[in-house]
Amino acid sequence: MTDKWSYADIYTRSITDPEGFWGEAAEAVQWNRRWDRVLDESDKPFYKWFVGGELNTCYNALDCHVEAGRGDQTAVIYDSPVTATVKKISYSELLDQVSRFAGVLRSKGVSRGDRVVIYMPMIPEALVAMLACARLGAIHSVVFGGFAPQELAVRIDDAQPKMIVSASCGIEGKKVIPYKPLLDRAIELSDHKPETCIIFQRPQVKAMLKEGRDFDWAVESAEAQPAGCVTVSATDPLYILYTSGTTGRPKGIVRDNGGHAVALIWTMQYLYDAAPGDVYWAASDVGWVVGHSYIVYGPLLRGCTTIVYEGKPVGTPDPGAFWRVISDHGVKILFTAPTALRAIKKEDPRAEYLKKYDISPLRYLFLAGERLDPDTYHWASEMLKIPVIDHWWQTETGWGIAGNCMGIEPFPIKPGSPTKPLPGYNVKIVDEEGNELPPGREGIVVIKLPLPPGTLTGLWNDNDRFLEYVTIIPGFYVTGDGGYIDEDGYLFIMGRVDDVINVAGHRLSTGSMEEVVSRHKDVAECAVIGVSDQLKGQVPVGFVVLKAGVHRDPDEIVNELVGMVRSEIGAVACFKQCAVVKALPKTRSGKILRATMRKIADGKEYEIPSTIEDPAVLDNISEAINELKLL
Ligand code: COA
Ligand code: AMP
């Protein structure tokens, strides 16, 4: 139906007849057994899609293309300026590597339902490991390489993996980061111990392997018997991906197999306008949801060529890096975060580097991960002269909630808006009591249940926390974002209403940073807030009150705090600024006034809350902000 109808008709049908709409979309997937029911609502608010259906996601991503005679087509282009490598892997070659690695997993006792943690840099083996898990029906949980051992340990304890797959090192610009010591430390810190670790040895660093527990990827793969696809239920988990919530404990987002494949194939065709054989590049990392959906599964399920880029937008070697990749590989669709463009714009404001490359194959630039500020939108549109499409989504949803469908009929763009909701998402703006707000009024962005296929089916080991999303405002999923819908039905996402922040497109929790900072022996209390930053969107800034009787040099304490956050959460937290203050602004009931602090730090107007205990404290905070030179 999607080919013949207008967007309005498609969207309306997805809301009024979700079973009809998604049942038709599901025809694009190869099923081993057809579903009994498209949408099972018998256990609300736990909705299930394609109940009774059976499939294998890896089969749909690889085998079916090879069986259809497209084995010679390039599946993956690995482009790594940091190691001066470009490698093309065809669908047949990728299938061979994945089946062999699935054979390795099987020989080490991994089977359907077992968890496998993957802690890898941006190399094709990361995709091989993920797809090998999918092939066996094992559940992968990829942990972003920028997280410190403690964060990895928390995820190991929650996911309880039978095995961990890692590499000897990652390469971050000019830095080589040995991964194995980080992995060993994480396993030391965790209560749960994996039976086996498989390590991919890179030429830059040779990892020490622990006898009996650690095995060499290449040696094991060479000896392995290829494994076939294990049929799983549509509702079986494909992966767990941990994301930051408002507390220090990450949330394990659970994604199913069936709904995920259906939704991703739909978006590849109708949102991104990607056809089989097109070169699609999501310049993100496999450790994030964008990497899961649009470096790995989406492009491969659709039979596209995906790019695994091990580099940065700038500095590897220059701000022309993205344009070079587009030109070298004929990229049709680029998906990245606004922060990457801001980094390029900062170094090359007139896009001089762009003139060195032929980027004519590029048809669309999609952006997500944080708000697309109008300046960046205008700069990119003027420089590239192609549609620049903002789309809004979350780790929880796994694909866009709102966006402009290039494969249907694009809407006129309004800078600052990801345009309108995508099929299946009935988006509303409500106040704190759940009352719907009229057009133009800013409030909490919620989505009427059920969410469409491919969105989270729960949180790993944590039903109670999952219920928080869907019971605070009964019948709705609370996104955690604030925003409004204008008179034309365009959605504007203005930022998080909770303590989650977005730093250079990386989602982080200020709560987890506060937990680390408050463990310092001299800190009595603290607050960490997200402050606007021209390059990274937001950066965390800490405010600490010292214990009575502590008279040490505040700079020394701040350095220790910065070091603690870096070693306990990771460099990616970007916690570099912190001020020692006399007191934190609080309400009379003791609640820290973080929203007011944010407004002061962002140079916005603010009202002194009537509930404040001591208004003079705000002057002290303003002085500290001035000294940090945040404005
Ligand atoms: N492994 C180890 N360390 C990592 C890492 C990884 N995978 N990723 C980032 N880090 C480190 C960086 O080296 C840096 O360390 P430093 O403090 O020693 O310099 C720190 O974490 C912060 O990294 P980042 O925030 O990425 O800053 P940057 O200055 O290296 O790069 C950008 C800035 C904007 C170029 C970069 O953040 C970027 O490309 N962001 C886009 C993110 C994205 O794609 N998000 C997904 C949503 S689509
Ligand atoms: P993550 O789970 O890492 O994808 O982060 C999700 C959060 O990033 C959302 O809740 C938003 O706050 C923010 N976000 C993602 N995409 C957009 C966008 N296009 N516009 C505004 N905010 C966005």
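This report walks through helix packing, ligand surroundings and a few backbone details in a predicted model.

## Ground rules

Residues are numbered from 1 along each chain as its sequence is written, while chains are lettered from A and ligands numbered from 1 in the order in which they are written. Since this is a predicted model, local features need pLDDT of at least 70 and side-chain atom pairs count only at pLDDT 80 or more, while totals for chains, interfaces and linings use all residues; side-chain values use heavy atoms, with hydrogens and water left out.

## Helix α5 and its two partners

Let's start with the helices. Two packed helices are described by the angle between their axes and the distance between the axes. Helices here are DSSP runs (H or I, at least four residues), as are strands (E, at least two), and both are numbered from the N terminus. Axes are lines fitted to C-alpha atoms, for helices over the stretch in contact, and the angles run from 0 to 180 degrees between N-to-C directions.

Take helix α4 (residues 91-107) and helix α5 (residues 124-136): their axes come within 8 Å and cross at roughly 65 degrees. That makes α4 roughly perpendicular to α5 (angles under 35 degrees count as roughly parallel, over 145 as roughly antiparallel, 65 to 115 as roughly perpendicular and the rest as oblique). The crossing of this pair, α4 and α5, is right-handed (the near helix is turned clockwise from the far one by less than a right angle; anticlockwise would be left-handed). On the α4 side, the residues that meet α5 include Leu94, Leu95, Val98, Phe101 and Leu105. Their counterparts in α5 include Val128, Ala129, Leu131, Ala132 and Leu136. Contact means heavy atoms within 4.5 Å. Sorted by class, the contact of α4 with α5 has twelve nonpolar, two polar and two charged residues (Ala, Val, Leu, Ile, Met, Phe, Trp, Tyr, Cys and Pro count as nonpolar, Asp, Glu, Lys and Arg as charged, and the others, Gly among them, as polar).

Helix α5 also meets helix α3 (residues 57-70), with axes that come within 7 Å and cross at roughly 115 degrees. This crossing of α3 and α5 is left-handed. Cys58, Ala61, Leu62 and Asp63 of α3 make the contact with Leu131, Ala134 and Arg135 of α5. By class, that gives five nonpolar, no polar and two charged residues.

## Helices α12 and α13

Further along the chain, helix α12 (residues 338-347) packs with helix α13 (residues 374-384) at an angle of about 65 degrees, and their axes are 10 Å apart. That makes α12 roughly perpendicular to α13. The crossing in which α12 passes α13 is left-handed. Pro338, Leu341, Arg342, Ile344 and Lys345 in α12 meet Asp375, Thr376, Trp379 and Ala380 in α13. Those residues divide into five nonpolar, one polar and three charged.

## Around the ligands

Which residues come closest to ligand 1? Glu172, Lys175, Lys312, Lys536 and Arg566 do, out of 23 that surround ligand 1 (a residue is near a molecule if one of its heavy atoms lies within 4 Å of it). A polar side-chain atom of Lys312 lies 2.8 Å from an oxygen atom of ligand 1. The backbone joins in too: an N or O atom of Gly145 lies 3.4 Å from a nitrogen atom of ligand 1, and one of Ala283 lies 3.4 Å from an oxygen atom of ligand 1.

Ligand 2 has 15 residues around it, of which Asp390, Thr395, Asp481, Arg496 and Arg507 come nearest. Polar side-chain atoms sit 2.5 Å from a ligand 2 oxygen atom in the case of Thr395 and 2.7 Å from a ligand 2 oxygen atom in the case of Arg507. For Arg371, a backbone N or O atom lies 3.5 Å from a nitrogen atom of ligand 2.

## Backbone oddities and Pro18

Most residues other than glycine have a negative phi, and most peptide bonds are trans. Ala351, though, has a positive phi of about 50 degrees although it is not a glycine; look for Ala351 in the loop between α12 and β19 (364-367). The peptide bond from Lys44 to Pro45 is cis, with omega near 0 degrees, and Pro45 is in the loop between β1 (37-40) and β2 (48-51). The bond from Thr316 to Pro317 is cis as well, and Pro317 lies in the loop between β17 (305-309) and α11 (321-329).

One more proline: Pro18 is in helix α2 (residues 18-25). Not counting residues up to four places away in sequence, Pro18 touches Arg13, Gly23 and Trp49. The C-alpha atoms of Pro18 and Phe215 are separated by 47 Å, and these two are 197 residues apart along the chain.

Conventions: Polar contact = N/O pair within 3.5 Å; in protein donor to acceptor, adjacent residues only side chain to side chain.
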